[in-house]
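This report concerns a single protein model and its ligand. Please consult the sequence and structure shown here while reading.

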Amino acid sequence: MRPLIAGNWKMNGLGAEGVALARAVCEGLGDRSNGVDVLLCPPFTLIERVARAVAGSAIAVGGQDCHPKAAGAHTGDVSAPMLKDAGASFVILGHSERRADHGETDALVHAKAEAALAAGLTPIVCVGETLAERDAGRAEAVVAAQLAGSLPEGFAQANGVVAYEPVWAIGTGRTPSKADIAAMHATIRARLIARFGGAGRGVRILYGGSVKAANAKPILAVPEVGGALVGGASLRAEEFLAIIAAAVAVA
Ligand code: PGA
């Protein structure tokens, strides 16, 4: 399975710096993207400019959210067909920051993922437990419930992607042990196969949460880790390129 290294820029980047970052990743990549899929997810305002900056390269562009409806009276929202029209081919959905900041439920993430699939976008559905949930021994149950509630029919068949991001590892510099990552990814794989049959075997399961150049290789070598969703470290071209290089080395 080709690994996917996705950069989640979150709410960062004005025009000049965003385009410069995208160009730097593009130029730095050279032929090192061999065997690895690379994705940049800038804020809405930069999707079109970043798509133009990486045009002709192997780099794909994605959004960080979409509305469940294709169009209508939803002030401030952006739909999946709009993302597609702007040059995106992926969309991150149900990120824990959206679940926390905007009260997104599994049902809403499910509806958004359906909208993404209908628009021809590949959804990256994020799941992950809080520290309190992990400490209470409920991490796997929480993630299983998020998967059951958030993934729509046809998700696996359409090459949907799951990102496991423990909430307590995001932006904190802390990461779970390799054994904990392996255990959670194995659980997610089992749930995907139980739900989608053979197609569940082909779903890429990304790890996310404080991935950086220094820890990328051992994390990407964990069984069932099919790539990484990278936040902070994706804002520096050198760092992001080093993570991609780690994926190439492990693939
Ligand atoms: P981080 O964020 O790499 O800065 O921890 C990851 C994410 O939230 O996708």
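The text below treats the ligand site and then the cysteines of this predicted model.

**Ligand site**

The ligand is surrounded by 13 residues, of which Lys10, His95, Glu165, Gly171 and Ser210 come nearest. Sorted by class, this shell comprises four nonpolar, seven polar and two charged residues. The space that the ligand takes is the second largest pocket.

Polar contacts to oxygen atoms of the ligand include the following.

| Residue | Protein atom | Distance to a ligand oxygen atom |
|---|---|---|
| Glu165 | side-chain N or O | 2.7 Å |
| Ser210 | backbone N or O | 2.7 Å |
| Gly231 | backbone N or O | 2.8 Å |

Glu165 thus takes part through its side chain, whereas Ser210 contributes a backbone atom, as does Gly231. The ligand taken alone exposes 290 Å², and the protein buries 95% of that area.

**Cysteines**

A disulfide is a covalent bond joining the sulfur atoms of two cysteines. How many disulfides does the model contain? The count comes to zero. The cut-off for such a pair is a sulfur separation within 2.5 Å. For Cys26, the nearest cysteine sulfur belongs to Cys41 and is 15 Å away, and Cys26 is in no disulfide. Cys41 is likewise in no disulfide; the cysteine sulfur nearest to Cys41 is that of Cys126, 9.4 Å away.

Are Cys26 and Cys41 buried or exposed? Cys26 has a relative accessibility of 21% and therefore counts as partly exposed, given that buried means under 20%. Cys41, by contrast, has a relative accessible area of 0% and is buried.

Conventions:
Residues numbered from 1 in each chain as written. Predicted model: local features only at pLDDT ≥ 70, side-chain atom pairs only at ≥ 80, totals over all residues. Heavy atoms only, no water. Near = heavy atom within 4 Å. Polar contact = N/O pair within 3.5 Å; in protein donor to acceptor, adjacent residues only side chain to side chain. Areas by Shrake-Rupley, 256 points an atom, 1.4 Å probe, with all protein chains shown as cover. 1 Å grid on protein atoms, 1.4 Å probe; cavity = no way out; pocket = protein on both sides within 12 Å on 5 of 7 lines; lining within 4 Å. Sits in = over half its atoms within 2 Å of the grid points. Nonpolar A, V, L, I, M, F, W, Y, C, P; charged D, E, K, R; others polar. Buried < 20%, exposed > 50% of the residue type's maximum accessible area, 1.4 Å probe, protein only.
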